[in-house]
Amino acid sequence: MYDEQPPADVTDIRLWQDAQPVLRRHHQDAFPNERRCAFCHVDWPCQPRLWADQADRASRIPVAVRWPGSAPR
Ligand SMILES: [Zn+2]
């Protein structure tokens with residue numbers, strides 16, 4: 001479980017929480033000149049990072065867009 005509070009624009013907290021540990025592990029800080037992931041050592045950006053970025057973006061999709069018809073009228 002991820003304890004950090006999500007940003008105000010997050011609409012799917014669970015998805016955002018699931019993405020954060022992956023985003024933290026898969027970065028390129030350890031190899032700034034080599035364009036490799038610090039965690040899995042493959043070319044940057046690695047596939048887990050791309051999926052986590054996508055999950056992070058998806059966690060911010062407005063509820064009315066994600067589930068049309070579910071928003072209060
Ligand atoms: Zn990686």
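Leaving aside its neighbours within four places in sequence, which residues is Val22 in contact with? Val22 is in contact with Pro48 and Ala52. The model behind this answer is predicted.

**Confidence**

The protein chain has a mean pLDDT of 89. In this chain, 93% of the residues reach 70 or more. Confidence is highest in helix 2, at 98. It is lowest in helix 3 (residues 63–66), at a mean of 84. Where pLDDT is low, the predicted coordinates should not be read in detail.

**The helix pair**

Helix 1 spans residues 13–25. Helix 2 spans residues 47–58. Their axes come within 8 Å and cross at roughly 150 degrees. An angle over 145 degrees counts as roughly antiparallel, and helix 1 and helix 2 are therefore roughly antiparallel to each other. The crossing is left-handed. Helix 1 contributes Leu15, Trp16, Asp18, Ala19, Val22 and Leu23 to the contact. Helix 2 contributes Pro48, Ala52, Ala55, Asp56 and Ala58. By class, the contact has 9 nonpolar, no polar and 2 charged residues.

**Val22 and Pro48**

Val22 sits in helix 1. Pro48 sits in helix 2. The two residues are 26 apart along the chain, yet their C-alpha atoms are separated by 7.1 Å. Pro48 touches Val22, and beyond four places in sequence it also touches His26 and Cys40. Trp16 is another helix 1 residue in the helix contact. From Pro48, Trp16 is 32 residues away in sequence and 14 Å away in space, C-alpha to C-alpha.

Is Val22 buried, exposed or partly exposed? Val22 is partly exposed, because 17 other C-beta atoms lie within 10 Å and a buried residue needs 20 or more. Pro48 is also partly exposed, with 16 such atoms.

**The loop between helix 1 and helix 2**

This loop holds Arg35, His41, Trp44 and Pro45. Several backbone features here deserve a look. Most residues other than glycine have a negative phi, and most peptide bonds are trans. Arg35 has a positive phi, near 55 degrees. His41 has a positive phi too, near 65 degrees. A cis peptide bond joins Trp44 and Pro45, with omega about -5 degrees.

Trp44 touches Gln28, Arg35, Arg36 and Cys37, not counting residues up to four places away in sequence. Arg35, with its positive phi, is thus one of the residues that Trp44 touches. Trp44 and Asp12 are 32 residues apart along the chain, and their C-alpha atoms are separated by 27 Å.

How exposed are these residues? The table sets out the C-beta counts for three loop residues and the two helix residues discussed above.

| Residue | Other C-beta atoms within 10 Å | Class |
|---|---|---|
| Arg35 | 10 C-beta atoms | exposed |
| His41 | 12 C-beta atoms | exposed |
| Trp44 | 15 C-beta atoms | partly exposed |
| Pro48 | 16 C-beta atoms | partly exposed |
| Val22 | 17 C-beta atoms | partly exposed |

Why does His41 count as exposed? His41 has 12 other C-beta atoms within 10 Å, and a residue is exposed if it has 12 or fewer. Trp44, with 15, is partly exposed.

**In brief**

Helix 1 and helix 2 are roughly antiparallel, and Val22 and Pro48 both take part in their contact. The loop between them includes Arg35 and His41, each with a positive phi. The cis bond joins Trp44 and Pro45.

Conventions:
Residues numbered from 1 in each chain as written. Predicted model: local features only at pLDDT ≥ 70, side-chain atom pairs only at ≥ 80, totals over all residues. Helix = DSSP H or I, 4+ residues; strand = E, 2+ residues; numbered from the N terminus. Contact = placed C-beta atoms within 7 Å. Axes fitted to C-alpha atoms, helices over the stretch in contact; angles between N-to-C directions. Parallel < 35°, antiparallel > 145°, perpendicular 65-115°, else oblique. Left-handed = near helix turned anticlockwise from the far one by under 90°. Nonpolar A, V, L, I, M, F, W, Y, C, P; charged D, E, K, R; others polar. pLDDT = per-residue confidence, 0-100.
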